[in-house]
Amino acid sequence: MNDYETMLVFRPDIEDEKREALIERLKSVIGEGNQFSVDNWGLRKLAYEINDYPEGYYSLLEFKSEPEAIKEITRVCRISDILLRYMTIAKED
């Protein structure tokens, strides 16, 4: 099991229910028994516009998981149309 962080930047015009649904989907990919925490940073101004959006809604996910789960997290994020950007990194001990 490794420690990971995933930063999600959602489109600012998306409802809270859709954001929570995607986070719950990622939580199910990670697995129910693993540690998982969500830190919602809220709406923030972007350094540059992405798809004509000057702002984005930021959420930080911290979790423990097997490395194989990262491929599925990337797949789910890639096909999601409510995300502007995402990034997963492995935290060092």
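Me: Which residues have the most contacts inside the largest nonpolar core?
Reply: This is a predicted model. Its largest nonpolar core has 19 residues. β1 (2-10), α1 (16-30), β3 (53-65) and α2 (68-79) each supply at least two of them. The residues with the most contacts inside this core are L8, F10, L26, L61, F63 and I73.

Me: Which element gives the largest share of this core?
Reply: Both helices and strands feed the core, among them β1 and α2. The largest share is five residues. That share comes from α1.

Me: With which residues is L26 in contact, leaving aside its neighbours within four places in sequence?
Reply: L26 is one of the residues with the most contacts inside the largest core. Set aside its neighbours within four places in sequence, and L26 still touches several residues. They are L8, L61, I73, V76 and C77.

Me: How many residues does the other core have?
Reply: Another core lies apart from the one with 19 residues. Its members include V9, I50, Y53 and Y58. The count is six residues.

Me: Is S59 buried or exposed?
Reply: S59 is found in strand β3. Buried means under 20% relative accessible area. S59 has 1%, so it is buried.

Me: Which side chain makes a polar contact with the side chain of S59?
Reply: Leaving aside neighbours within four places in sequence, S59 is in contact with T6, M7, L8, F10, I23, D39 and N40. One of these also makes a polar contact, side chain to side chain, at 2.6 Å. That partner is N40.

Me: Which residues do ring pairs link into a cluster?
Reply: The model has three aromatic pairs. One residue of the cluster, F63, is also among those with the most contacts inside the largest core. The linked residues are Y4, F36 and F63.

Me: Over which ring does the charged end of R19 sit?
Reply: Look at the end of the R19 side chain. The charged end lies 3.7 Å from the centre of a ring. The ring belongs to Y57.

Me: Where does N51 lie, and what is its phi?
Reply: N51 lies in the loop between β2 (36-50) and β3. N51 is exposed, with a relative accessible area of 57%. Most residues other than glycine have a negative phi. N51 is not a glycine, yet its phi is positive, about 55 degrees.

Me: What is the phi of D52?
Reply: D52 lies in the loop between β2 and β3. D52 is exposed, at 69% relative accessible area. D52 is not a glycine, but its phi is positive, about 70 degrees.

Me: How far apart in space are R78 and V38, C-alpha to C-alpha?
Reply: R78 is in helix α2. Its relative accessible area is 60%, over the 50% cut-off, so R78 is exposed. R78 and V38 are 40 residues apart in sequence. In space, the C-alpha to C-alpha distance is 20 Å.

Me: What pattern does the protein chain follow along the sequence, and what is its radius of gyration?
Reply: The chain has two helices and four strands. Along the sequence they follow β-α-β-β-α-β. The globule rule gives 12 Å for 93 residues, and the chain comes close to that, so it is as compact as a globular protein of that length. The radius of gyration is 13 Å.

Me: Among contacts between residues at least 6 apart in sequence, what percentage join residues at least 24 apart?
Reply: Buried residues make up 37% of the 93 residues. Now take the contacts between residues at least 6 apart in sequence. The share that joins residues at least 24 apart is 72%.

Definitions and conventions:
Residues are numbered from 1 along each chain as its sequence is written. This is a predicted model: local features need pLDDT of at least 70, side-chain atom pairs count only at pLDDT 80 or more; totals for chains, interfaces and linings use all residues. Side-chain values use heavy atoms; hydrogens and water are left out. Rings of Phe, Tyr and Trp (its six-membered ring) pair if their centres lie within 6.5 Å; planes under 30 degrees apart count as stacked, over 60 as edge-to-face and the rest as tilted. A charge sits over a ring if NZ of Lys or CZ of Arg is within 6 Å of the ring centre and within 35 degrees of the ring normal. A nonpolar core is a set of buried Ala, Val, Leu, Ile, Met, Phe, Trp, Tyr and Cys residues joined through side-chain atoms within 4.5 Å. Buried means under 20% relative accessible area, exposed over 50%, partly exposed in between (1.4 Å probe, protein chains only). Contact means heavy atoms within 4.5 Å. A polar contact is a pair of N or O atoms within 3.5 Å; within protein, one must be able to donate a hydrogen and the other to accept it, and residues adjacent in sequence count only if both atoms are side-chain atoms. The radius of gyration is taken over C-alpha atoms; the globule rule is 2.2 Å times the number of residues to the power 0.38.
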